[in-house]
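Thanks for making the time this morning. I would like to walk through one model with you, starting from its strands and ending at its pocket.

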Amino acid sequence: MSQPPVPPEDDSPSQPPPPRAVPPSSTPPRQPPPPRAPPQYGQGQYAPSPGQPQYGQTPYGAVAPPGMYFDQASGLSLPVGVELASSGRRIGAYFLSIPLYIVTLGIGYAIWGLIVWGRGQTPALQVLGMRCWRPETGRVPGWWWMALREIAGGLIEGLLGPITLVVSLVLMLTGRERKALHDHIAGTVVLRDPNKVLAGRP
């Protein structure tokens with residue numbers, strides 16, 4: 001019994017099915033953001049960190065008392081009309097005290113000092129329009145505080161001769177409040193008061 005003929009095999013490679021058409025998306029493609037322009041000079045280059053005071057503001061939002069202002073350089077609240085004495089003026093006062101002492105024969109300088117201590121001054125500070133100030137109390141130091149500053153501070157500064165004098169000078173030049181060794185002892189800073197704003201203050 002004869003079998004039905006088998007159809008010849010197709011040697012051609014099989015064709016893949018045609019790709020399915022993807023419907024177009026209704027959402028437009030996202031465009032890259034435009035490049036940021038560099039900040040202009042003086043704008044956004046020195047922005048303070050969060051929590052830092054802006055220029056001219058007291059730290060942490062504190063408000064200076066009436067008649068006072070916040071000095072950014074020293075971090076102190078000072079009376080309006082005065083400023084922290086410069087290092088050059090402080091050094092000038094030190095050297096000015098030497099000829100004043102000689103001219104007044106020492107005795108006159110001591111008497112002069114005893115008088116002006118009650119105003120928060122020394123003879124050299126008075127001549128150069130400066131005055132001591134105690135930030136802790138917000139007042140001009142009284143006679144006893146000035147005696148502590150000049151007598152005890154002077155003895156300690158002269159304890160080791162030039163060594164302690166150099167240490168005192170370095171403290172004044174590098175400290176934010178420009179306090180010499182005798183200022184640290186009495187808790188004072190030196191202010192420039194050319195208009196005698198502090199003359200009538202206790």
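Which residue in strand 5 is the bridge partner of Glu83? It is Arg192, and before I build on that, let me say how the values were obtained. This is a predicted model, in which local features need pLDDT of at least 70 and side-chain atom pairs count only at pLDDT 80 or more, while totals for chains, interfaces and linings use all residues. Residues are numbered from 1 along each chain as its sequence is written, and side-chain values use heavy atoms, with hydrogens and water left out.

Strand 3 and strand 5, the latter covering residues 189–192, pair in the antiparallel sense over two bridges; helices and strands here are DSSP runs numbered from the N terminus, H or I of at least four residues for a helix and E of at least two for a strand, and two strands pair if DSSP finds at least two bridges between them. They belong to an open sheet of three strands, in the order 3-5-4 with antiparallel pairing. Strand 3 (83–84) and strand 4 each have a single partner strand and stand at the edges, so one side of each lacks a neighbour in the sheet.

The side chains of Arg192 and Glu83 also meet in a salt bridge, at 3.4 Å from N to O, where the term requires a side-chain nitrogen of Lys or Arg within 4 Å of a carboxyl oxygen of Asp or Glu. Because Arg192 lies in strand 5 and Glu83 in strand 3, the pair ties together parts that are 109 residues apart in sequence. Arg192 is partly exposed at a relative accessible area of 28%, and Glu83 is partly exposed at 38%; buried means under 20%, exposed over 50% and partly exposed in between, with a 1.4 Å probe and protein chains only.

The whole structure holds seven salt bridges. In one of them, Glu136 pairs with Arg134 at 3.4 Å between the closest N and O atoms, and here Glu136 is exposed at 67% whereas Arg134 is buried at 5%. In another, the side chains of Arg149 and Glu150 meet at 2.5 Å, N to O, and salt bridges that share partners join Arg90, Arg149, Glu150 and Asp183 into one network.

Turning to the interior, the largest nonpolar core has 12 residues, among them Leu100, Tyr109, Trp117 and Val190; such a core is a set of buried Ala, Val, Leu, Ile, Met, Phe, Trp, Tyr and Cys residues joined through side-chain atoms within 4.5 Å. Helix 1 (87–103), helix 3 (123–127), strand 4 (130–133) and helix 4 (143–157) each supply at least two residues of this core. A second, separate core of 10 residues includes Leu84, Val140, Leu191 and Leu198.

Finally, the largest pocket holds about 910 Å³ of space. A pocket, on a 1 Å grid over the protein atoms alone, is an open set of points where a 1.4 Å probe fits, with protein on both sides within 12 Å along at least five of seven lines, and lining residues have an atom within 4 Å of a point; points are joined across faces, edges and corners, and the volume is the space filled by probe spheres set on them. Of its 31 lining residues, Tyr94, Ser97, Glu150, Glu157 and His182 are the closest to the centre, and helix 1 gives the largest share of the lining, eight residues.
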